[in-house]
Amino acid sequence: MDIKHSLLILLLFTLVTLCMFWFRADKIVYHEIDRGKKNLNLIHQFRNTLKHTQPPSSYSNSTTPPILPRTNLQKHGSATITHVIPKYYWRNIDNSINVQLKLFSAYYDDRFSPEVYVLGYENHEVKHDYYCVLGYQDRVVCSKEAAKRVNVNDDVDPYEEYKIALWGFYYICKLPTSDIPTKISISLSPICTMNSDSDWLPVENREKRAKKAKFGVCVQGPVYNIDNPQIVVEFMELHRALGAEIVTVYVQTAGELVWRALQQYADEGLVDLVNWNLTFVQDSGYVHYRGQSLLVNECLFRNMHSVEYLAMNDLDEVIVPLGKSRTWSDMLPVIEGKGRGAFLFGHTTFTKEYKTIKNELLECRSETGTSLKAIEPPRFMKQYKQFRLNGYEKFMIKPVCSKKVSFHRIFGFVDGYSMYKVPSSIGMSYHYRDPPLPTKGRPTSDDRLQTLFPGVLEKIRERSCALYN
């Protein structure tokens, strides 16, 4: 009996243990499911907050968009960029079917067939057909077929996708005839209903320019929370010395001195200012890199018929000619060739060490000679570079040969054109990032830009000191 009782007790103990384990595991599973549901609800709540956002209050009651010159920012009151009236602003296309559609600009393009490209954002989880509403001087025409939707977020990390509520697209509206509309909008209904006149976008590039600038530059990311004007001055003076005739700058927010510097360059004709005021974005997680994927394509279409060659750089980058070439014009005959629609430049970054600079080259002085302030050593005065074999390359394109671009790549060329990788002995992309990017290999001394443009430092000092004083 003792053995039987012992076995029975052991069996009961085993059953109780198994039941406790099952109960605990089941509780853990349901806890994880519940936590997953809560996280999913938070993500949906995070995205759905955009449903209640409104267009900029300055335009909520306007019936027609303001039409201003190409340099389209005007100062009103405070010097920050949020106090300007832009030619381009975000149209919030109202609807009642859970589709968020924000439109920014529209460009006529006849390289393939008569078409208008409309650029904007939508919530990518909702799939819906869109129809083009074409506005002419004497009539309004509704397209019979849905617009083609082209995603411009090719460089987005898949692991970041869940953060993004709005994705950048451009919508291709095929024109029924060769007659070019003066304005355009997008409707979610095949009967092309319009909520208000403020939904219209002016169609740009309706007329090709008789004379193009040779070289232009797109600043790839919007100016955001920058207070140091010297960053802008360095970029503009270096690129002007290299041969840039027009620099397109998109501005989200800017400090007073940065705004003043940009406006001065705009008044001189070097800078084309565009208000990228993403008022519907409450956090940088709503759109990738504050809209950079859409921005670079907007800049492509904006400069399609304005420049022959368009460089794509951030504010801490510059494409530098090497060898015997001193400027982009010198380098061009070396890299040009049949069928080359874009030029890819390898990337090199710099360490934090600066070349020794005499104090008097950095000092701001008053009329009496009294030192008022010293500017920071320009970033192109850094001494040591480190070459990166892959990644972060930058390019210069022929806009009329390109279909779609991204930060470091081009997605699609006009037939017959392709990318040419420029040898590192002819040209490189110099990156003055702080802190520097991690690299392999031994740093080497480099004073290429200092040798090419010895007078640029003085111009940077003069312009920066004038802003500070």
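**Figure 1. Overall composition of the predicted model.** Residues 24 or more positions apart account for 76% of the contacts in the chain, counting contacts with a separation of 6 or more. The predicted model contains seven helices and 23 strands. Of the 469 residues in the chain, 51% are buried.

**Figure 2. The aromatic pair of Trp 90 and Phe 104.** A pair of aromatic rings is described by the distance of the centres and the angle of the planes. The chain has 17 aromatic pairs under the pairing rule. For Trp 90 and Phe 104, the ring centres are 4.7 Å apart and the planes stand at 40°, so the pair is classed as tilted; stacked would require planes under 30 degrees apart, and edge-to-face over 60. Trp 90 belongs to the loop between helix H1 (2-48) and strand E1 (91-93), while Phe 104 belongs to strand E2 (residues 101-109), so the pair ties together parts that are 14 residues apart in sequence. Trp 90 and Phe 104 are both buried. They also belong to one aromatic cluster, together with Tyr 121, Tyr 250 and Trp 276.

**Figure 3. The aromatic pair of Tyr 107 and Phe 301.** The rings of Tyr 107 and Phe 301 are stacked, with 6.2 Å from centre to centre and 20° between the planes. Tyr 107 is in strand E2 and Phe 301 in helix H4 (residues 292-302), so the pair links distant parts of the chain, 194 residues apart. With a relative accessibility of 1%, Tyr 107 is buried, because buried means under 20%. Phe 301 is buried as well, with a relative accessible area of 1%.

**Figure 4. Burial of helix H4.** H4 is mostly covered, with 11 of its 11 residues buried. Among the buried residues of H4 are the charged-type side chains' positions Glu 298 and Arg 302. Also buried in H4 are Gln 292, Ser 293, Leu 294, Leu 295, Val 296, Asn 297, Cys 299, Leu 300 and Phe 301.

**Figure 5. Arginine side chains over aromatic rings, at Phe 169 and Tyr 265.** Arg 149 lies over the face of Phe 169, with a distance of 5.8 Å to the ring centre. The ring of Tyr 265 has the charged end of Arg 463 over it, 4.1 Å from the ring centre. Tyr 265 of H3 and Arg 463 of H7 are also among the residues that form the contact between these helices.

**Figure 6. Packing of helix H3 against helix H7.** Two packed helices are described by the angle between their axes and the distance between the axes. The axes of H3 (residues 256-267) and H7 (residues 456-468) come within 10 Å and cross at roughly 125°. H3 and H7 are therefore oblique to each other, because the angle falls neither in the range 65 to 115 nor over 145. The crossing of H3 and H7 is right-handed. On the H3 side, the contact is made by Leu 257, Arg 260, Ala 261, Gln 264 and Tyr 265. On the H7 side, Arg 463, Leu 467 and Tyr 468 take part.

**Figure 7. Packing of helix H2 against helix H7.** H2 (residues 229-242) packs on H7 at an angle of about 145°, and the axes are 9 Å apart. H2 and H7 make a right-handed crossing. H2 contributes Pro 229, Gln 230, Val 233, Glu 234, Glu 237, Leu 238, Arg 240 and Ala 241 to the contact. H7 contributes Val 456, Lys 459, Ile 460, Arg 463, Ser 464, Leu 467 and Tyr 468. Arg 463, Leu 467 and Tyr 468 of H7 thus appear in the contact with H2 and in the contact with H3.

**Figure 8. Surroundings of Glu 458 and Gln 137, each with a partner distant in sequence.** Glu 458 is located in helix H7 and is partly exposed, with a relative accessible area of 30%. The C-alpha atom of Glu 458 is separated by 8.4 Å from that of Leu 362, 96 residues away along the chain. Gln 137 is in the loop between strand E4 (131-135) and strand E5 (140-142). Gln 137 is exposed, at a relative accessible area of 72%. Its C-alpha atom and that of Lys 183, 46 residues apart along the chain, are separated by 9.0 Å.

**Figure 9. Positive phi at Asn 205 and Asn 225.** Most residues other than glycine have a negative phi. Asn 205 has a positive phi, near 60°, and lies in the loop between strand E9 (201-204) and strand E10 (213-219). Asn 205 is buried, at 16% relative accessibility. Asn 225, which is not a glycine either, has a positive phi of about 55°. Asn 225 is placed in the loop between E10 and H2 and is exposed, at 51% relative accessibility.

Terms used: Residues are numbered from 1 along each chain as its sequence is written. This is a predicted model: local features need pLDDT of at least 70, side-chain atom pairs count only at pLDDT 80 or more; totals for chains, interfaces and linings use all residues. Side-chain values use heavy atoms; hydrogens and water are left out. Rings of Phe, Tyr and Trp (its six-membered ring) pair if their centres lie within 6.5 Å; planes under 30 degrees apart count as stacked, over 60 as edge-to-face and the rest as tilted. Helices (H or I, at least four residues) and strands (E, at least two) are DSSP runs, numbered from the N terminus. Buried means under 20% relative accessible area, exposed over 50%, partly exposed in between (1.4 Å probe, protein chains only). A charge sits over a ring if NZ of Lys or CZ of Arg is within 6 Å of the ring centre and within 35 degrees of the ring normal. Axes are lines fitted to C-alpha atoms, for helices over the stretch in contact, and angles run from 0 to 180 degrees between N-to-C directions. Angles under 35 degrees count as roughly parallel, over 145 as roughly antiparallel, 65 to 115 as roughly perpendicular and the rest as oblique. A crossing is left-handed if the near helix is turned anticlockwise from the far one by less than a right angle, and right-handed if clockwise. Contact means heavy atoms within 4.5 Å.
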